[in-house]
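Here are a few exercises to work through with the viewer open. Try each task yourself before reading the solution under it.

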Amino acid sequence: MRSTYLIGFLGIVACAAPASAQSTGTVNINGSVADRCLFTTPSATISVGELAQPGSGTNAGRLDASKLDGQTRNLVGWCNGTAATMSVEALPLLNIDFTAAAPTGFDRRVDYSAAAVANAATATDTSVGAAGGGSAVSVGMFTGNVAVTLSSSSSPTSGLLVAGTYQGQVIVTLTPNVSFGQTSQ
Amino acid sequence: MTSLKATAAALALLVALPGVANAQSTSDDATVDVSGTVAGLCILGDPSRTSVPLGQLINTSGPQVGKLTAISAQTINLPNSFCNFAGTNLRVSAQALLSSDTNAVQTGFARAVNFTSTVSNWATQNATVTTAAAAGGATPSAQGTGGTQPAPKIADLTLTLNGFTVPSNLLLVAGTYSGSVTITLGPAATP
């Protein structure tokens, strides 16, 4: 019987302790991931060799559009936010060896259209006319290929192409924008 | 302590603000380089005539009977001839008209008709040559070179044949006479 009472007393002490001495501290943990886009394969090259038509017919020496049209290369990249956009700027191929104005009947420039496809969105631009890229399209969150394809190549007067080396460039820009409402305040 | 806390908070804000700005927009560009070449090319347009029949070459009556008759200038056009690079010229090579009868000519006779060939409308200096075959037909070939065209050019070239003569205005032996003119458009020889 005595042993029984002693055990009962100790039990009461143990239960009473939390009610009189408990204290809680909190460590909040947070972080953020900024909207970001990155090309992991940021460059590619389309080298088509001879641009002019061969032979001696009436089109000899003029642009062979089949050399550029349909050429495609894959860049690889990603964007981690839903508000990301993509834009393309097509810069014409220019003769880097002959930089003077082309004589009448000749061209030293080759224009074309470029399309970039990522996450089922297509951004386009043409090198014809004023400089500047095409309109941005929403590309959202994606990772994978950005396929760049050329089309509609032409020269300004459909003239004879001045001999030399021609160089141009397609610039693809991925812009993350802001998808989670963060401000600079 | 209060002042220190306020200063620490301000510093924290200053540090945090650039971080927020950077997090907003990190664009990335990629490029596809596009290149090609255009080889140097010269093309002569198709000649308007590939043969020039002169018909009867001698006078058949009058004081010049048996001798070369007056032959009017002959022109041949080569439209849309071009070179797509600078530093080109024309070369013209002519063969005098010779009789198909190759026997040695008798004294007082000739079997050759010389002429001048001029190709114009390429460079400042036309390409021209005059044949100087002997009466017996020796040395019928001659070559001439025009000036250098300093830029790519497309033009309608004109070949003019004129100045037909016979050595010493001798009598021409009977027969069929034939000659030729070859035009070459290409890079000027390096000096």
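**Exercise 1. Read off the fold of each chain.**

Task: write down the order of elements in chain A, then do the job again for chain B.

Solution. Start at the N terminus of chain A and you get α-β-β-β-β-β-β-β-β-β-β-β. Tallied up, that is one helix and eleven strands for chain A. Keep in mind that this is a predicted model. Now walk along chain B: the pattern reads α-β-β-β-β-β-β-β-β-β-β-β, so to speak one helix and eleven strands again.

**Exercise 2. Look at burial and contact range.**

Task: find what percentage of each chain is buried, and how much of its contact set is long-range in sequence.

Solution. Take burial to begin with. Chain A has 185 residues, and 31% of them are buried. For chain B, the buried portion is 26% of 191 residues. Next, keep just the contacts with a sequence separation of 6 or more. In chain A, 79% of these link residues at least 24 apart; in chain B, the share for 24 or more positions is 75%.

**Exercise 3. Trace the strand pairings inside chain A.**

Task: starting from S3(A), residues 72-79, work out which strand it joins through eight bridges, and carry on from there.

Solution. Step one: the eight bridges of S3(A) go to S9(A), residues 142-154, and the two run antiparallel. You can check the register with two pairs: A:Cys79 sits opposite A:Phe142, and A:Arg73 sits opposite A:Val148. Step two: S9(A) also pairs with S6(A), residues 109-118, antiparallel and through six bridges. Here A:Ala114 has A:Leu150 as its bridge partner. Step three: go back to S3(A), which is joined by four bridges to S1(A), residues 37-41, again in antiparallel fashion. A:Thr41 and A:Val76 are bridge partners in that pairing.

**Exercise 4. Dissect the interface.**

Task: describe the side of chain B that touches chain A, and say which element gives the largest share.

Solution. Count residues before anything else: 31 from chain B are in contact with 53 from chain A. Then sort the chain B side by element. H1 (2-24), S1 (28-38) and S9 (153-165) of chain B each put in at least two residues. The largest share is that of S1(B), with eleven residues. By residue class, the chain B side splits into 16 nonpolar, eleven polar and four charged. Finally, look for pairing across the chains: S2(A), residues 43-50, and S1(B) run parallel and share six bridges. One pair to click on is A:Ile46 with its bridge partner B:Val34.

**Exercise 5. Chase the odd phi angles.**

Task: locate A:Ala120 and B:Thr139, and decide whether each is buried or exposed.

Solution. Recall the background rule: most residues other than glycine have a negative phi. A:Ala120 isn't a glycine, yet its phi is positive, about 65°. It lies in the loop between S6 and S7 (121-126) of chain A. With 8 other C-beta atoms within 10 Å, A:Ala120 is exposed, since the cut-off for that class is 12 or fewer.

B:Thr139 is also a non-glycine with a positive phi, about 50°. Its home is the loop between S7 (127-130) and S8 (141-145) of chain B. The count for B:Thr139 is 12 other C-beta atoms within 10 Å, so B:Thr139 is exposed too.

Definitions and conventions. Residues numbered from 1 in each chain as written. Chains lettered and ligands numbered in written order. Predicted model: local features only at pLDDT ≥ 70, side-chain atom pairs only at ≥ 80, totals over all residues. Nonpolar A, V, L, I, M, F, W, Y, C, P; charged D, E, K, R; others polar. Pairing = 2+ DSSP bridges. Buried ≥ 20, exposed ≤ 12 C-beta atoms within 10 Å, placed from the backbone. Contact = placed C-beta atoms within 7 Å.
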